[in-house]
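Grab a pencil and have the viewer ready. Below are some short exercises on reading a protein structure, each with a worked solution.

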Amino acid sequence: MAVQTLSTPTQSPNHPHDKSQKSVERRFSPSRGILRSVFRARQSLRILCYHGVIADELAGASWVPGYFVTQSQFREQMQIVRSFAQVVRLADQFGIESKRHVATPQIAVTFDDVPACTFAYARPVLNELGIPASFYVSTGLVTSRRMPAAEIVQLLRTFPRMQKDASSPALDEICKQPNSHKTLGIETLQRILSRVDGQVLTRAPQEAVHALKPLSWLQLRTLIDEGHEVGGHTVDHAILSRQTRATRTSQVSKCFDDIRQRLNIEPVGFAYPNGGPGDFDDADASAIAQAGFKYAVSTEAGFCTKSSPSFALPRVCVGMGHTRMRFMLEISGLLDKRRRRQQGWI
Ligand SMILES: [Zn+2]
């Protein structure tokens, strides 16, 4: 799942909670009007990246990742988005060559992984405010309804007693080092986690299981019928650079085929799992284009301009630590350089 594990600055290049950001907020408290003007002066497209939107009452729950937001937070952020710029659907910007890079201030809203809580708590807000969004899914997980590896690891770390009966050195290692699962090939990772994911489903708090499990194909169909975009995020949430080249290609092409066959659409967009520096390369971009996708998004903070590569479009990630002011600063682009440095892009 999660593109960035945002629990510490070193694990999470795009961490929205770190203390240094608080000092940025203290130093910069410009008005909403000023920040909107700063954003609009760029005359370009800003893409927001969300992961999960949860019920307000779950905000303090130990299992809720820091890269999620509450429904109230999300509603306020979407209202700000609407007041800052025209909201666009990325499939409309990149699906047709002639419409690409319209030179007005625009914002697009995207979701990676798409856990069930997002369907329950983001979708009503989007539909109420008339905001079309893009949802990137790992098709194998949609079919199996298995949680992404990062969510299973997060639950095992939060509730360590769950791994007691299925403990193994490899599993212990994964649980000890929060990001070590991201360094493994997808088959190895699935083999290690297969010993415990059944236990996680039955022994974790059921509110967590219900919130974190992937959407169904039927729910994705509903999103399409409501005017949203559904795009790809590989088959198994495979971080491409950790796989063999053959696996990289098949994770992308099978993802495209799954969406086409299950939803009867030609998917347009693709989001790189993790999406950070070193997580994908030009050959992956070519394979994504070859499969039939028309654009791909990373998690490099920045604005989309005419010079942005269509298969590595920048996005800015939003999480629980985004106060109203920090969110507006984030949209305005004033934090981008700092973000890129934290992420390791520069
Ligand atoms: Zn993801």
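## Exercise 1: two helices side by side

In this predicted model, the axes of α14 and helix α15 (residues 282–291) come within 9 Å and cross at roughly 30°. Work out how the two helices are oriented, and which residues bring α14 and α15 together.

*Solution.*

Step 1. Start with the angle: anything under 35 degrees counts as roughly parallel. So α14 is roughly parallel to α15.

Step 2. Check the hand of the crossing: for α14 and α15 it is right-handed.

Step 3. Now find the touching residues. On the α14 side they are Arg245, Arg248, Val252, Ser253 and Phe256, and they meet Ala283, Asp284, Ala287, Ile288 and Ala291 of α15.

Step 4. Sort them by class: the contact of α14 with α15 has six nonpolar, one polar and three charged residues.

Step 5. Look at the spacing along a helix. An α-helix has 3.6 residues a turn, so residues three or four places apart point the same way.

## Exercise 2: a helix wrapped up by its neighbours

Find out how many residues of helix α8 (residues 149–158) are buried, and what covers them.

*Solution.*

Step 1. Count the residues with under 20% relative accessible area, the cut-off for buried. Seven of the ten residues in α8 pass, so this helix is largely enclosed by the rest of the structure.

Step 2. Name them: Ala149, Ala150, Glu151, Ile152, Val153, Leu155 and Leu156.

Step 3. Look at what lies over these residues. The cover includes the strand β3 (68–70) and the helices α9 (169–176), α10 (186–194), α11 (197–203) and α12 (206–212).

Step 4. Pick one of these partners, α9. The axes of α8 and α9 are 9 Å apart, at an angle of about 85°. That falls between 65 and 115 degrees, so α8 is roughly perpendicular to α9.

Step 5. List the residues that meet: Val153, Leu156 and Arg157 from α8, with Leu171, Ile174, Cys175 and Lys176 from α9. By class, that makes five nonpolar, no polar and two charged residues.

## Exercise 3: a third helix pair

Decide whether helix α3 (residues 71–84) is parallel, perpendicular or oblique to helix α16 (residues 324–332).

*Solution.*

Step 1. Get the geometry: the axes of α3 and α16 come within 11 Å and cross at roughly 40°.

Step 2. Apply the cut-offs: this is not under 35 degrees, and the roughly perpendicular range begins at 65. So α3 is oblique to α16.

Step 3. Add the hand: α3 passes α16 in a right-handed crossing.

Step 4. Find the contact. Glu76, Gln77, Ile80, Val81 and Phe84 come from α3, while α16 brings Arg324, Phe327, Met328 and Ile331. Here the classes are six nonpolar, one polar and two charged.

## Exercise 4: into the core

Which residues touch the most other members of the largest nonpolar core?

*Solution.*

Step 1. That core has 60 residues, and the ones to spot are Tyr50, Phe74, Met78 and Phe111.

Step 2. Zoom in on Tyr50. Skipping residues up to four places away in sequence, Tyr50 touches Val69, Phe74, Gln77, Met78, Val109, Thr110, Phe111, Asp112, Val318 and Phe327.

Step 3. Don't stop there: a second, separate core of 32 residues includes Met147, Ala149, Ala166 and Ile192.

Step 4. Put this in context. In soluble globular proteins, nonpolar side chains tend to be buried together.

## Exercise 5: two odd backbones

Val114 and Asn264 both have a positive phi, although neither is a glycine. Where does each one sit, and is each buried or exposed?

*Solution.*

Step 1. Take Val114, with a phi of about 60°. You'll find Val114 in the loop between β5 (106–112) and α5 (116–121). Its relative accessible area is 1%, so Val114 is buried.

Step 2. Take Asn264, with a phi near 60°. This residue is in the loop between α14 (245–263) and β8 (269–271). Asn264 has a relative accessible area of 69%, so it is exposed.

## Exercise 6: step back

How many helices and strands does the protein have, and what share of its residues is buried?

*Solution.*

Step 1. Count the elements: 17 helices and ten strands.

Step 2. Of the 346 residues, 59% are buried.

Technical notes
Residues numbered from 1 in each chain as written. Predicted model: local features only at pLDDT ≥ 70, side-chain atom pairs only at ≥ 80, totals over all residues. Heavy atoms only, no water. Core = buried A, V, L, I, M, F, W, Y, C linked by side-chain atoms within 4.5 Å. Buried < 20%, exposed > 50% of the residue type's maximum accessible area, 1.4 Å probe, protein only. Contact = heavy atoms within 4.5 Å. Helix = DSSP H or I, 4+ residues; strand = E, 2+ residues; numbered from the N terminus. Axes fitted to C-alpha atoms, helices over the stretch in contact; angles between N-to-C directions. Parallel < 35°, antiparallel > 145°, perpendicular 65-115°, else oblique. Left-handed = near helix turned anticlockwise from the far one by under 90°. Nonpolar A, V, L, I, M, F, W, Y, C, P; charged D, E, K, R; others polar.
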